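Grab a pencil and work through these exercises with the model open beside you. Each one sets a task and then walks through a solution.

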Amino acid sequence: VVDGRLYHSDIVKVWSNYSSFLHDWMLKLTEKFDLTFSIPEKQMSIVPCLLPEKEPEYEWPSLEEIKTHTKFKEFKVIYSFAYIPSGLFNRIQVRLYQYADSSIIWKMGSFLRKNNHIALLLNQPKKSSILVKVQGIKPENIIFLIHEVIETLINESFNGIKYDFSFPCPECVDAQTND
C-alpha cells in the first residue's frame, strides 16, 4: 500500500499469508466496514487511514471571488465533538467518496466535486471538530447529503457519541458573510 492506495495487482503480496481464494472476499469485507473504497477504473482501493498527512494543492475560491458569481454561495457546517472517535472521519471519507465526481483526498481531508459544486471536509482533531464547506448554486443540497451520511454513520456505528453541529442562518449565506 503506497500513500493509501492499494493496487489490486498487489493484493497477492499484501495478503500472501492468506489463501488467494479469500482475497476478493477480504477486499469486499474492508469495503463493507468502510475501511476502503474501490476505484475500479484504476484497479485500486483507497485506504483512508493510510493516506498521506500532507494536504494537497486544490483551488478553493474566496468569498470575494464567489461574490462575483451572484448565484454562487458558500455554506459551512461545523460538527463539534467532546472527542472524535477513532475511525469516524476516515469512514465519512469512504462513504462520501462514492457521491463525488472526482476527489482529492488526504488523511485529514477530502475535496469533492458534485453537480457543479465543490465541497471541503476537514478533520480538526485539535478542535475536536469536523468542518464541512460547500460552494455552488445550491450548496445546501450538498450539505444535506453530507449531513445525512454523517448522521447515518454515527447512528449505525458510533451510537451514543455526543456531538453538536452549527449551520449558518440563511440570511448570512445569502449575504456571503464569513460568520
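Let's begin at a helix: α4, residues 88-97, gives the most to the lining of the second largest pocket, with three residues. Keep in mind that this is a predicted model.

**Exercise 1. Describe the second largest pocket: how much space lies in it, and which residues line it?**

Solution.
- Step 1: start with the volume. About 170 Å³ of space lies in this second largest pocket.
- Step 2: find the walls. The lining is made up of I84, P85, S86, G87, L88, F89, N90, K107, M108, N123 and P125.
- Step 3: sort the lining of the second largest pocket by class. You get six nonpolar, four polar and one charged residues.

**Exercise 2. Work out whether helix α4 is enclosed or open to the outside.**

Solution.
- Step 1: go through the helix residue by residue. The buried ones are L88, F89, N90, R91, I92, Q93, V94, R95, L96 and Y97.
- Step 2: draw the conclusion. Ten of the ten residues of α4 are buried, so the helix is largely enclosed by the rest of the structure.

**Exercise 3. Now do the largest pocket: what is its volume, and which element gives the most to its lining?**

Solution.
- Step 1: the volume again. The largest pocket holds about 220 Å³ of space.
- Step 2: look at the lining. There are 14 residues in the lining of the largest pocket, and I39, K42, Y97, S102 and S103 are the ones nearest its centre.
- Step 3: ask which elements supply them. β3 and β5 are the elements that give two or more residues to the lining of the largest pocket, and β5 gives the most, with four.
- Step 4: split the lining of the largest pocket by class. That comes to seven nonpolar, three polar and four charged residues.

**Exercise 4. Track down the aromatic pairs: how many are there in the whole structure, and how are the rings of Y58 and W106 arranged?**

Solution.
- Step 1: count. A search of the whole structure turns up seven aromatic pairs.
- Step 2: take Y58 and W106. Their rings sit 5.7 Å centre to centre with 20° between the planes, and the pair is stacked. The cut-off you need here is that planes under 30 degrees apart count as stacked.
- Step 3: see where the partners come from. Y58 is in the loop between β3 (44-46) and α3 (63-67), while W106 is in strand β5 (residues 102-106), so the pair ties together parts that are 48 residues apart in sequence.
- Step 4: check how covered they are. Y58 is partly exposed at 23% relative accessibility, whereas W106 is buried, with a relative accessible area of 2%.
- Step 5: compare with W60 and F111. Here the ring centres are 6.2 Å apart and the planes stand at 85°, so this pair is edge-to-face.
- Step 6: place this pair too. W60 is in the loop between β3 and α3 and F111 is in strand β6 (residues 109-114), 51 residues apart, so to speak a link between distant parts of the chain. Both W60 and F111 are buried.
- Step 7: put it together. Y58, W60, W106 and F111 form one aromatic cluster.

**Exercise 5. Take Q135: is it buried or exposed, and what does its side chain reach?**

Solution.
- Step 1: locate Q135. You'll find it in strand β8 (residues 129-136).
- Step 2: check its cover. At 2% relative accessibility, Q135 is buried.
- Step 3: follow the side chain. A polar atom of the Q135 side chain lies 2.8 Å from the backbone oxygen of P61, and the Q135 side chain also makes a polar contact with the side chain of E74 (2.5 Å).
- Step 4: list the neighbours. Setting aside residues within four places in sequence, Q135 is in contact with W60, P61, I66, K73, E74, H117 and I118.

**Exercise 6. Step back to the whole protein: how many helices and strands does it have, and what percentage of its residues count as buried?**

Solution.
- Step 1: count the elements. The protein has six helices and nine strands.
- Step 2: look at burial. Of its 179 residues, 42% count as buried.
- Step 3: frame it. Along the principal axes, the C-alpha atoms fill a box of roughly 60 × 35 × 25 Å.

Technical notes
Residues are numbered from 1 along each chain as its sequence is written. This is a predicted model: local features need pLDDT of at least 70, side-chain atom pairs count only at pLDDT 80 or more; totals for chains, interfaces and linings use all residues. Side-chain values use heavy atoms; hydrogens and water are left out. Rings of Phe, Tyr and Trp (its six-membered ring) pair if their centres lie within 6.5 Å; planes under 30 degrees apart count as stacked, over 60 as edge-to-face and the rest as tilted. Buried means under 20% relative accessible area, exposed over 50%, partly exposed in between (1.4 Å probe, protein chains only). On a 1 Å grid over the protein atoms alone, a cavity is a set of points where a 1.4 Å probe fits but cannot get out, and a pocket is an open set with protein on both sides within 12 Å along at least five of seven lines; lining residues have an atom within 4 Å of a point. Grid points are joined across faces, edges and corners, and a volume is the space filled by probe spheres set on the points. Ala, Val, Leu, Ile, Met, Phe, Trp, Tyr, Cys and Pro count as nonpolar, Asp, Glu, Lys and Arg as charged, and the others, Gly among them, as polar. A polar contact is a pair of N or O atoms within 3.5 Å; within protein, one must be able to donate a hydrogen and the other to accept it, and residues adjacent in sequence count only if both atoms are side-chain atoms. Contact means heavy atoms within 4.5 Å.
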